[in-house]
Amino acid sequence: MTLAEGEILLEEALAMENRTWIDARGALAFEEDHIPNALLLNEDQWDEHFEQFIINWDGESTLIVYCDSRTCAASKGVAERLKSSLGIEDVWVLKGGCIMQVNTRDLPAFTIQPSGTVVPLHAMAGSSGRDWSVNQKAL
């Protein structure tokens with residue numbers, strides 16, 4: 001899998017002990033669902049959310065910015081603005097966004113627990129017996 005400059009895979013991000021998730025989506029999407037403990041920061045409402053970000057960020061952890069799909073460019077814009085505003089380079093964009101899709105049903109292929117543990121959808125498939133894992137798209 002080829003990574004663009006500044007991108008990171010989910011597995012690598014989860015392996016980091018000291019990370020802060022930044023959700024680059026809009027406030028409504030964030031309110032509906034987000035990675036536990038993620039901070040909301042997007043370009044449309046930058047001034048409104050940046051101060052809150054500064055208050056909540058520990059100033060040391062690696063920043064990992066995500067949006068909700070492979071085609072969403074919001075995370076790249078937020079990452080670049082963070083680098084510029086904070087004068088740091090330890091800011092990454094999550095490859096493929098936060099939500100992986102399976103089949104044409106647009107079901108998330110995984111969920112991230114508060115502990116940081118990734119739980120695959122096939123582990124939650126219930127009694128349907130369908131093996132969702134073979135349909136997962138890589139980040």
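**View 1. Strand S4 is covered on both faces.** On one side of S4 sit Thr62, Ile64 and Tyr66, on the other Leu63 and Val65, and all of them are buried. That makes five buried residues out of five, so the strand counts as mostly covered by the under 20% rule for burial. Bear in mind as you look around that this is a predicted model. As for the two-sided layout, side chains in a regular strand alternate between the two faces of the sheet.

**View 2. Five strands line up in an open sheet.** Which order do the strands take in the sheet? Reading across, you get S1-S5-S4-S2-S3, with parallel pairing. At the edges are S1 (7–8) and S3 (39–40), each of which pairs on one side only. Strands of a sheet pair through backbone hydrogen bonds, either parallel or antiparallel.

**View 3. S4 has S2 and S5 as its partners.** S2 (residues 19–23) runs parallel to S4 (residues 62–66), and five bridges join the two. Follow the ladder and you'll find Ile22 opposite Val65, and Asp23 opposite Tyr66. Between S4 and S5 there are three bridges, again with the strands running parallel. Here Ile64 of S4 stands opposite Trp92 of S5.

**View 4. Helix H4 lies across the sheet.** H4 covers residues 74–86 and lies across S1, S2, S4 and S5 (91–94). Its direction makes an angle of about 150 degrees with S4.

**View 5. The largest nonpolar core has Phe53 among its best-connected members.** This core holds 15 residues, and those touching the most other members are Ile22, Leu41, Phe53, Leu63, Val65, Val78 and Leu82. At least two core residues come from each of H3 (46–56), S4, H4 and S5. Zoom in on Phe53: skipping neighbours within four places in sequence, it is in contact with Ile22, Leu39, Leu41, Leu63, Leu82 and Leu86. A separate core of 11 residues lies apart from this one, with Ala13, Trp21, Leu40 and Ile64 among its members.

**View 6. Trp21 and Tyr66 meet edge-to-face.** The model has four aromatic pairs. In this one, the ring centres of Trp21 and Tyr66 are 6.3 Å apart and the planes meet at 75 degrees, which makes the pair edge-to-face. Trp21 belongs to S2 and Tyr66 to S4, so the pair links distant parts of the chain, 45 residues apart. Are these two rings' residues buried or exposed? Trp21 has 6% relative accessibility and counts as buried, and Tyr66, at 0%, counts as buried too.

**View 7. Phe53 and Trp57 stack within an aromatic cluster.** Their ring centres are 5.5 Å apart, with 15 degrees between the planes, so the pair falls in the stacked class. Phe53 and Trp57 are both buried. Step back a little and the cluster appears: Trp46, Phe50, Phe53 and Trp57. Phe53 thus turns up here as well as in the contacts of View 5.

**View 8. Lys95 and Glu7 form a buried salt bridge.** How many salt bridges does the model have? The count comes to four. This one joins the side chains of Lys95 and Glu7 at 3.5 Å, N to O. Lys95 sits in the loop between S5 and S6 (101–102), while Glu7 is in S1; the two are 88 residues apart, and the pair links distant parts of the chain. Both residues are buried. Lys76 joins them, too, in a network of salt bridges with Glu7 and Lys95.

**View 9. Arg25 and Asp23 make a salt bridge of their own.** The N to O distance between the two side chains is 2.7 Å. Arg25 and Asp23 are both buried. You've met Asp23 already, standing opposite Tyr66 in S4.

**View 10. Lys83 and Glu80 pair up along H4.** Their side chains meet in a salt bridge at 3.8 Å, N to O. Why are the two about one helical turn apart? Because they are three residues apart in H4. Their surroundings differ: Lys83 is buried, with a relative accessible area of 16%, whereas Glu80, at 49%, is partly exposed.

**View 11. Glu11 is an exposed residue of helix H1.** H1 spans residues 10–15 and contains Glu11. With a relative accessible area of 57%, Glu11 is exposed. Its C-alpha atom is separated by 10.0 Å from that of Leu94, which is 83 residues apart from it along the chain.

How values were computed:
Residues are numbered from 1 along each chain as its sequence is written. This is a predicted model: local features need pLDDT of at least 70, side-chain atom pairs count only at pLDDT 80 or more; totals for chains, interfaces and linings use all residues. Side-chain values use heavy atoms; hydrogens and water are left out. Two strands pair if DSSP finds at least two bridges between them. Helices (H or I, at least four residues) and strands (E, at least two) are DSSP runs, numbered from the N terminus. Contact means heavy atoms within 4.5 Å. Axes are lines fitted to C-alpha atoms, for helices over the stretch in contact, and angles run from 0 to 180 degrees between N-to-C directions. A nonpolar core is a set of buried Ala, Val, Leu, Ile, Met, Phe, Trp, Tyr and Cys residues joined through side-chain atoms within 4.5 Å. Buried means under 20% relative accessible area, exposed over 50%, partly exposed in between (1.4 Å probe, protein chains only). Rings of Phe, Tyr and Trp (its six-membered ring) pair if their centres lie within 6.5 Å; planes under 30 degrees apart count as stacked, over 60 as edge-to-face and the rest as tilted.
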